[in-house]
Amino acid sequence: MERIDPKRNGRCHAHTKSTGALCKYPAVPGATVCRHHGGGAPQVREKASAYLMGLAYPAAVKMGELINHRNGMIALAASKDVMDRVIGKAVQPVESDGRTIIEIEFVNRGRVVEHDA
Ligand SMILES: [Zn+2]
């Protein structure tokens with residue numbers, strides 16, 4: 001897989017056929033191209049997924065380092081983020097006018113728990 005260029009800021013690396021300019025669409029997460037330039041292909045999605053999974057461990061290490069950051073606000077935010085991911089987020093109220101159907105999917109430790117609306 002082509003390396004992701006941070007200068008593209010998550011944008012597709014492909015060039016348009018008509019003008020040759022760089023594509024302006026966002027790249028598929030973990031990939032270098034948008035869905036218009038092959039980002040939806042199964043092999044691209046598979047490699048993108050593997051790339052993102054490879055980042056999970058270094059991201060967890062970095063989060064662990066931030067828990068001990070000298071700036072208390074950063075340490076608190078990192079601690080809350082870890083707690084949200086390990087234990088799950090606290091229940092948050094949702095307002096509705098009674099006419100809108102809201103589907104909420106809670107994801108916790110890789111399990112998907114669906115709640116009735
Ligand atoms: Zn593109």
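Visitor: Which residue just after helix 2 takes a positive phi?
Guide: This is a predicted model, so the angle is a computed one. Look just past the end of helix 2, where the phi is about 115°. The residue there is Gly-88.

Visitor: How far apart are the end C-alpha atoms of helix 2?
Guide: Helix 2 covers residues 72-86, which makes 15 residues. At 1.5 Å a residue, they should span 21 Å. The model agrees with that expectation, since the end C-alpha atoms are apart by 21 Å.

Visitor: And what is the distance between the end C-alpha atoms of helix 1?
Guide: Helix 1 has 25 residues, and at 1.5 Å a residue they should span 36 Å. The value in the model agrees with this: 35 Å.

Visitor: Where in helix 1 does the kink lie?
Guide: The helix bends by about 30°. Follow it towards the proline Pro-58, and stop shortly before that residue. The kink lies at Ala-56.

Visitor: Does helix 1 lie largely in the open or largely buried, and what number of its residues is buried?
Guide: A residue needs 20 or more other C-beta atoms within 10 Å to be buried. Few of the 25 residues of helix 1 reach that mark, so the helix lies largely in the open. The number buried is two.

Visitor: In what order do the elements of the protein run?
Guide: There are two helices and two strands to place. Starting from the N terminus, the order is α-α-β-β.

Visitor: Which element has the highest confidence, and which the lowest?
Guide: The protein averages a pLDDT of 85, and 85% of the residues score at least 70. Confidence is highest in helix 1, residues 42-66, at 94. At the other end, with a mean of 53 over residues 111-114, comes strand 2.

Visitor: Which residues make up the largest nonpolar core?
Guide: In soluble globular proteins, nonpolar side chains tend to be buried together. Here, 10% of the 117 residues count as buried. The largest nonpolar core has eight residues: Cys-12, Ala-27, Val-28, Ala-31, Val-33, Cys-34, Val-44 and Ala-48.

Visitor: Which residues does Ala-48 touch, not counting those up to four places away in sequence?
Guide: Ala-48 is a member of the largest nonpolar core. Among its partners, Val-28 and Ala-31 belong to that core as well. The full set is Val-28, Pro-29, Gly-30 and Ala-31.

Visitor: Is Arg-35 buried, exposed or partly exposed?
Guide: Arg-35 is found in the segment before helix 1. Beyond its close sequence neighbours, within four places, it is in contact with Val-28 and Gly-40. It has 16 C-beta neighbours inside 10 Å, so Arg-35 counts as partly exposed.

Visitor: How far apart in space are Thr-16 and His-37, C-alpha to C-alpha?
Guide: Thr-16 also lies in the segment before helix 1, and with 14 C-beta neighbours inside 10 Å it counts as partly exposed. Thr-16 and His-37 are 21 residues apart in sequence. In space, their C-alpha atoms are apart by 9.0 Å.

Methods: Residues numbered from 1 in each chain as written. Predicted model: local features only at pLDDT ≥ 70, side-chain atom pairs only at ≥ 80, totals over all residues. Helix = DSSP H or I, 4+ residues; strand = E, 2+ residues; numbered from the N terminus. Expected span 1.5 Å × (residues − 1). Core = buried A, V, L, I, M, F, W, Y, C linked by C-beta atoms within 7 Å. Buried ≥ 20, exposed ≤ 12 C-beta atoms within 10 Å, placed from the backbone. Contact = placed C-beta atoms within 7 Å. pLDDT = per-residue confidence, 0-100. Bend = angle between axes of the 7 residues up to and from the residue.
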